[in-house]
Amino acid sequence: MAVSYKKLWKLLIDKDIKKSDLEREAKITHYSLSKLSQGKDVSTEVLGKICETLDCTIDDIMEFVPEEK
């Protein structure tokens, strides 16, 4: 299974928040945000900071999807 962060990007659009604003407000590194943009794994600490900043749950920002073969 792969991880998709499409829900996070949609949530940012809905809340009119830029990626750079999220990076600053959630106190996450540019590297972590870059990994998210590429659909790569990040720590639960990073995901927790994002959820706290956006006042949401993990289900609101990510989902597992079948890997393409």
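This passage describes helix packing, loop residues, selected contacts and ring interactions in a predicted model.

The packing of two helices is considered first. Helix H2, which spans residues 19-26, and helix H4, which spans residues 44-54, have axes that come within 9 Å and cross at roughly 100°. Because angles of 65 to 115 degrees count as roughly perpendicular, H2 is described as roughly perpendicular to H4. The contact is made by Leu22, Glu25 and Ala26 on the side of H2, which meet Lys49, Ile50, Thr53 and Leu54 on the side of H4. Sorted by class, the residues in this contact of H2 with H4 are 4 nonpolar, 1 polar and 2 charged.

The loop between H1 and H2 includes Lys15, Asp16 and Ile17, with helix H1 itself covering residues 6-14. Lys15 has a relative accessibility of 39% and therefore counts as partly exposed. In sequence, Lys15 is separated from Ile61 by 46 residues, while in space the C-alpha atoms of Lys15 and Ile61 are 13 Å apart. For Asp16, the relative accessible area is 70%, so this residue is exposed. The backbone of Asp16 has a phi near 55°, which is a positive value in a residue other than glycine. Ile17, in turn, is partly exposed, with a relative accessible area of 23%. When neighbours within four places in sequence are left aside, Ile17 is in contact with Leu12, Leu22 and Leu54. Two of these partners also take part in the helix contact described above, where Leu22 belongs to H2 and Leu54 belongs to H4. A further pair involving this loop residue is that of Ile17 and Tyr31, which are 14 residues apart in sequence and 18 Å apart in space, as taken from C-alpha to C-alpha.

The loop between H4 and strand S2 contains Asp55 and also Asp60, with strand S2 formed by residues 63-65. Asp55 has a phi near 55°, a positive value in a residue that is not glycine. With a relative accessibility of 72%, Asp55 counts as exposed, whereas Asp60 is partly exposed, its relative accessible area being 36%. Apart from residues up to four places away in sequence, Asp60 touches Lys7, Leu8 and Leu11. The residues Asp60 and Asp16 are 44 residues apart in sequence, and their C-alpha atoms are 16 Å apart in space.

Strand S2 itself is represented here by Phe64. This residue, Phe64, counts as exposed at a relative accessibility of 54%, since the cut-off for the exposed class is over 50%. Its contacts, with neighbours within four places in sequence left aside, are with Met1, Ala2 and Val3. Phe64 and Lys49 are 15 residues apart in sequence, and a C-alpha to C-alpha distance of 20 Å separates Phe64 from Lys49 in space.

In helix H3, which comprises residues 30-37, attention falls on Ser32. The relative accessibility of Ser32 is 12%, and Ser32 therefore counts as buried, the cut-off for that class being under 20%. Beyond the residues up to four places away in sequence, Ser32 touches Val42 and Val46.

The aromatic rings were examined both for pairing with one another and for charges placed over their faces. A pair of aromatic rings is described by the distance of the centres and the angle of the planes. Under the criterion that ring centres lie within 6.5 Å, the count comes to 0 aromatic pairs. A charged side chain is nevertheless placed over a ring, in that Lys19 lies over the face of Trp9 at 4.3 Å from the ring centre.

Technical notes:
Residues are numbered from 1 along each chain as its sequence is written. This is a predicted model: local features need pLDDT of at least 70, side-chain atom pairs count only at pLDDT 80 or more; totals for chains, interfaces and linings use all residues. Side-chain values use heavy atoms; hydrogens and water are left out. Rings of Phe, Tyr and Trp (its six-membered ring) pair if their centres lie within 6.5 Å; planes under 30 degrees apart count as stacked, over 60 as edge-to-face and the rest as tilted. A charge sits over a ring if NZ of Lys or CZ of Arg is within 6 Å of the ring centre and within 35 degrees of the ring normal. Helices (H or I, at least four residues) and strands (E, at least two) are DSSP runs, numbered from the N terminus. Buried means under 20% relative accessible area, exposed over 50%, partly exposed in between (1.4 Å probe, protein chains only). Contact means heavy atoms within 4.5 Å. Axes are lines fitted to C-alpha atoms, for helices over the stretch in contact, and angles run from 0 to 180 degrees between N-to-C directions. Angles under 35 degrees count as roughly parallel, over 145 as roughly antiparallel, 65 to 115 as roughly perpendicular and the rest as oblique. Ala, Val, Leu, Ile, Met, Phe, Trp, Tyr, Cys and Pro count as nonpolar, Asp, Glu, Lys and Arg as charged, and the others, Gly among them, as polar.
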